[in-house]
Amino acid sequence: ELLKLQKAGLAKQHQAKYKSSDTGDGAGSLMTPEEAKTFLAEQKTASKKGTINPTPPQGLSSGDLDSWYTQQKQREIEARKKREEAEAILRGYRGAWDGSKSGSGGGGGNGSSSALSSSSLESGPEPSDARGVFQAMDSQASSAGVGEGGTTVKNWRKSAAASGEEKKLDFDDEKKNEATWNFINNAPGSKYVPETGRYHIYVSLACPWSHRVLMVRALKGLQNVVSMTVVHPIWQRTAPSSPTDRHCGWVFADPESDTPLTNADGVGGPFPAAYAKNSPDPVLGAFSMRDIYEQAGDADGKYTVPVLYDISTGTIVSKESWQIMRMLNACFNEFAENPSLDLYPPAERNRIDEVADWMYPAFSNGVYRCGFAMTQKAYDESIDSLVNAFDRIESILKTQRYICGPNMTEADVRLFVTLLRFDEIYALYFKCNARSVSSSSVLLDYCRDVYQMDGIKETIDMEQCMAHYYCSHTELNKYSIIPRGVGFVKKLEEPHDRAGVS
């Protein structure tokens, strides 16, 4: 009964907040070439006028200053992503921002906002963007006298400026951006320090970006350090009491409900009110991830997973999977069951980043470029790149056990989550059937190797993966029919001989 009252209260807030602005007519979306051209023209005009490089508020601690500057970096990244999205539409690809289904417009679009967008398009900057921040932070850690991941504002800005990454930004909403980009470390004055039981992650077992975070958490042995909640895999209306608010996204499950669900358009199913490991929100009693974001002051419509949440301050530490992965890898070693494991070791970082640079656009994101292509030319270009990347990965893994060499790294985490979903989802749903993991003895054995590592099996739920993809994008699969599948996960239970690969 309490949960129902909490849901009703939050729904009323949404109705009042979005009634005037979200009419479901697609305003603000970037779904047509005309809208994309208009958006890019506006951006060009704004750039000619110039922007002011803001100065930080007075009285911030060194830790808060670090966060302040990295938040501005994140704003620039997100603005660039939207520009690239508009440019992609003009080249013939679907956009990820769908105003007809969202309050504003990966996993959405953006993890949770669009019926056309995918949970994988939601999350964060490409590897080259991530590298600029973390390499700069780590390279200055020892000289600054702080723990791994720490840095000084002066050194970070110097490094960013030297690499061309520091931009002039319009930082006009400090509260919203506080929920965007922060870093856990033991630096003096840090707002977010490593503690047991303080942090909570919100994830979907269907979302590959969430899966990355879950894999790192399992491999490091942080299950008892950082708690988690798994959202329902099938997107629902996040403000069901409002007839004009058509935003769809991640909602929390109600395991005690006997009422089955449909897809967001009211057809398909019936689907269970909760799958295995789905649960209500234990922190705020929220109805949806949208509620979590809005409570933290971030209401830009990109209500994505994963989210790293600080229970003690009621704020979002990060909503970027790559950043959460690296914090879990490096910042909780004093509490971890496997502290010696380093998935992003300094000696391997250049190699890891080099692999990510070609693997992300052609393979990890390549499956989505195929699935959301709007012209034959765009699809043909995407599938060609995907096939080349697939074959390159296979060739590398013929001669070495892991993608960057003899040791498991972050790059393998990124690779595995895509390979896992390839045969069951991407090959059919995203028209990537030019290749198959099951038909490659090398890649199938590689997947078995990773799957059989301690804790990894528990992070996988193919039923929820298929439910999400086949039922959340109603414009791609109106009646949410879920294919029978090929039993890929069962194949991973079989023995492998990867230990003999040098």
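This is a short tour of the structure, stop by stop, with something to select at each one.

**The whole chain**

Start with everything shown, and keep in mind that this is a predicted model. The protein holds 17 helices and 6 strands. Of its 502 residues, 57% are buried. If you switch on the surface, you are looking at about 19,700 Å² of accessible area, and 51% of that belongs to carbon and sulfur atoms.

**The sheet**

Next, select strands 2, 1, 5 and 6: in that order they form an open sheet with mixed pairing. Strand 2 (227–230) and strand 6 (315–318) are the edges, each pairing on one side only. On average, neighbouring strands here are turned by 35° against each other, direction ignored.

Now zoom in on residues 199–203, which are strand 1, and residues 307–310, which are strand 5; the two pair in the antiparallel sense over 4 bridges. Which residue of strand 5 does tyrosine 199 stand opposite? Tyrosine 199 faces aspartate 310.

Add residues 321–330 to the view. This is helix 10, lying across strand 5 and strand 6 and running at about 85° to strand 6.

**Two cis prolines and a lysine**

Select proline 306, in the loop between helix 9 and strand 5. The peptide bond that reaches proline 306 from valine 305 is cis, with omega near 5°.

Then go back along the chain to the loop between strand 4 (248–249) and helix 9 (289–295), where proline 270 is found. Here the bond from glycine 269 to proline 270 is cis, with omega near 5°. Lysine 277 also has its place in the loop between strand 4 and helix 9. Its phi is positive, near 75°, in a residue other than glycine. With a relative accessible area of 47%, lysine 277 is partly exposed.

**A bent helix**

Select residues 410–429 for helix 14, whose 20 residues reach 27 Å from first C-alpha to last, close to the 28 Å expected at 1.5 Å a residue. Where does helix 14 bend by about 80°? Look at phenylalanine 422. Try hiding and showing the rest of the protein: 19 of the 20 residues of helix 14 are buried, so this helix is largely enclosed by the rest of the structure. Just after helix 14, lysine 431 has a positive phi of about 60°.

**Last stop**

Finish at serine 480, in the loop between helix 16 (462–472) and helix 17 (488–491). Phi is positive at serine 480 too, near 55°. Is serine 480 buried or exposed? At 4% relative accessibility, serine 480 counts as buried.

How values were computed. Residues are numbered from 1 along each chain as its sequence is written. This is a predicted model: local features need pLDDT of at least 70, side-chain atom pairs count only at pLDDT 80 or more; totals for chains, interfaces and linings use all residues. Side-chain values use heavy atoms; hydrogens and water are left out. Two strands pair if DSSP finds at least two bridges between them. Axes are lines fitted to C-alpha atoms, for helices over the stretch in contact, and angles run from 0 to 180 degrees between N-to-C directions. Contact means heavy atoms within 4.5 Å. The expected span of a helix is 1.5 Å times one less than its number of residues. The bend at a residue is the angle between axes fitted to the seven residues ending there and the seven starting there. Buried means under 20% relative accessible area, exposed over 50%, partly exposed in between (1.4 Å probe, protein chains only). Accessible areas come from the Shrake-Rupley method with a 1.4 Å probe; for residues, only the protein chains shown count as cover.
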